[in-house]
Amino acid sequence: MKKNLILPLCAALAAGAALAADPADPLVVACVGDSITYGHGASARGKTSYPAQLQALLGDGWQVLNFGHNARTALDEGKEWNGQGGMGYRKSPEFEKAMRSKPDVVLFMLGTNDSKPVNWDADGGAGVKRDYAKLVDDFLEREPAPVVVVGVSPFVKKDSFSIREKIVGGELAPWQRAFAAERSLPLVDAYEATKAAAETSYIGDGVHPNDAGYGVIAAAFAAKLRELEPALRKSHAAAWPATIALPEPKRAAMPLGEALAKRATHREFSPEPLSGQELSDLLWAANGYNRPEERKRTAPTAINRQEVDLYVLCADGAFLYDAAQNALVRVSKDDLRGLTGRPGPNNFALAAPVALVYVVDFERQGMQSRPADALKYAHVDCGFVGQNVYLHCAAAGLNTVFLGSLQPDKLAEALGLPDTRKPVFAQTVGKPAPAE
Ligand SMILES: Cc1cc2nc3c(=O)[nH]c(=O)nc-3n(C[C@H](O)[C@H](O)[C@H](O)COP(=O)(O)O)c2cc1C
């Protein structure tokens, strides 16, 4: 399980969590399943698959992601009707994508393809049930853990592709209901919902719903999600707080002369996270307000334009340092550290818990009519912050390396920066690697 910096910090420090729907910070719904989730037979999959209709029903404040894959089974060693293997959902790229999507909720609807004789009959479904439970557990063990909603496999109007209603309705659906009850997982009975609407809700193969049938499934999930919404928003705000208050920064005690004597670039890091206190001390030293009454900082800037913004990238996301509030403001849930340093598996920026990114706001700097000066001053001003970080790290027993290598365009996009703000330099920070 990944070690993270911010989540432990969050629990203690999360500032007033906003519980209202926020289009910029939606609840993420991962729809996991087979071709019925994918939307086979939908007239316009992007609009009429069940996940697409669910998105329309839920609206802003939700992000519904479709991780359906045709013919996939809960059984890890699942096969197609003709014996072709490799059909286990776990083996699909969608499984990895769903796991990485940081979902608040997983709508789990697998099992229809498991009713095929090749998957079910050898052991009467025992393997299917075992692997179904294992997949659910894999999602529940994510950090932070999503809510997994068990979607009972839809009704089979007509046996096709060797999918059998006698197994789906007679054995699988009752087991799925019992499984959800035993594990106290929320349940959406897509079987009952689709059976009730079967007359008008299927395409010719009798297995896949038509647009109306997908609408029935979407409505059933939407009702359950609305019911769960208050609890989901609460846990989302706790897991991904918009703002994290930092502890009061402390000044490093080492005399300046000693810190200067120790200042050096180091490229080996321990993956151990920095504590909230260590982070607060570092950021204050880097570019905090040392004369708050004058709104002036530890690093100088040309004409006091204070155009350098400090972003903090770590395993749990990316944050803007708000020096006035002594807080971190979340801008992404993604780990963007790999966009600093030289790309590749040996990128040491990934070994350290923190990557700082120096972003220059050229609008705030206000020198657009003198582009050469604008760039010169921007670079110098970043350099002062970088040297503050070097000296603080020397005094605080941390390792650091200033980086001209970074991927500015990708970073700008991932951080949601307008054209007027540019990532210019980065700086990796972490504890020294333990001695061999
Ligand atoms: C503007 C600038 C860009 C740098 N870019 C990189 C970099 O991309 N990768 C790296 O490993 N080190 C980088 N460094 C670190 C230098 O290699 C390092 O400061 C230099 O070797 C001197 O070592 P010292 O800092 O221990 O005195 C950069 C340093 C500066 C000042």
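What follows is a short exchange about a predicted model, covering its central strands, two of its helices, one loop residue and the ligand shell.

Colleague: What is the overall make-up of the protein chain?
Modeller: The protein chain has 15 helices and 14 strands. Its C-alpha trace spans about 80 × 50 × 35 Å along the principal axes. Of its 436 residues, 46% count as buried. Among contacts with a separation of 6 or more, 75% join residues 24 or more positions apart.

Colleague: Which strands form the open sheet, and in what order?
Modeller: There are 5 strands, in the order β2-β1-β3-β4-β5. The pairing is parallel. What makes β2 and β5 the edge strands is that each pairs on one side only. β2 covers 62-68 and β5 covers 187-188.

Colleague: How do you know that β3 and β4 pair?
Modeller: Pairing needs at least two bridges. Strand β3, residues 105-109, and strand β4, residues 147-151, share 4 bridges in the parallel sense. That meets the cut-off, so they count as paired. L107 stands opposite V149 in β4, and F108 stands opposite V150 in β4.

Colleague: What links β1 to β3?
Modeller: β1 and β3 pair in the parallel sense over 5 bridges. C31 stands opposite L107 in β3.

Colleague: What makes β3 a mostly covered strand?
Modeller: 5 of its 5 residues are buried. In a regular strand the side chains alternate between the two faces of the sheet. In β3, V105, L107 and M109 are buried on one side. V106 and F108 are buried on the other. Both faces of β3 are therefore covered.

Colleague: Which helices lie against these strands?
Modeller: Helix α5, residues 93-100, lies across β1 (27-33) and β2. Helix α5 runs at about 155 degrees to β2. Helix α10, residues 211-239, packs on the sheet and touches β1, β3, β4 and β5. The direction of α10 makes about 135 degrees with that of β1.

Colleague: Why is α4 called largely enclosed?
Modeller: Helix α4 spans residues 50-58, and 7 of its 9 residues are buried, so the rest of the structure largely encloses it. The buried residues are Y50, P51, A52, Q53, L54, Q55 and L58.

Colleague: What do the buried residues of α4 pack against?
Modeller: They pack against β1, α2 (35-38), α3 (45-48), β2 and α10. Just after α4, G59 takes a positive phi of about 75 degrees.

Colleague: Why is N210 called partly exposed?
Modeller: N210 has 17 C-beta neighbours inside 10 Å. Buried would need 20 or more, and exposed 12 or fewer. The count of 17 falls in between, so N210 is partly exposed.

Colleague: Where is N210 placed, and what is it in contact with?
Modeller: N210 is in the loop between α9 (190-196) and α10. Leaving aside neighbours within four places in sequence, N210 is in contact with G41, S201, Y202 and I203. N210 and H40 are 170 residues apart in sequence, yet their C-alpha atoms are 8.7 Å apart.

Colleague: Which residues surround the ligand?
Modeller: The ligand is surrounded by A264, T265, R267, V401, F402, L403, G404 and S405.

Colleague: How many residues of that shell fall in each class?
Modeller: The shell around the ligand has 4 nonpolar, 3 polar and 1 charged residues. Gly counts as polar, so G404 belongs with the polar residues. Arg counts as charged, so R267 is the charged one.

Key: Residues are numbered from 1 along each chain as its sequence is written. This is a predicted model: local features need pLDDT of at least 70, side-chain atom pairs count only at pLDDT 80 or more; totals for chains, interfaces and linings use all residues. Helices (H or I, at least four residues) and strands (E, at least two) are DSSP runs, numbered from the N terminus. Two residues are in contact if their C-beta atoms, placed from the backbone, lie within 7 Å. Axes are lines fitted to C-alpha atoms, for helices over the stretch in contact, and angles run from 0 to 180 degrees between N-to-C directions. A residue is near a molecule or strand if its C-beta atom, placed from the backbone, lies within 6 Å of it.
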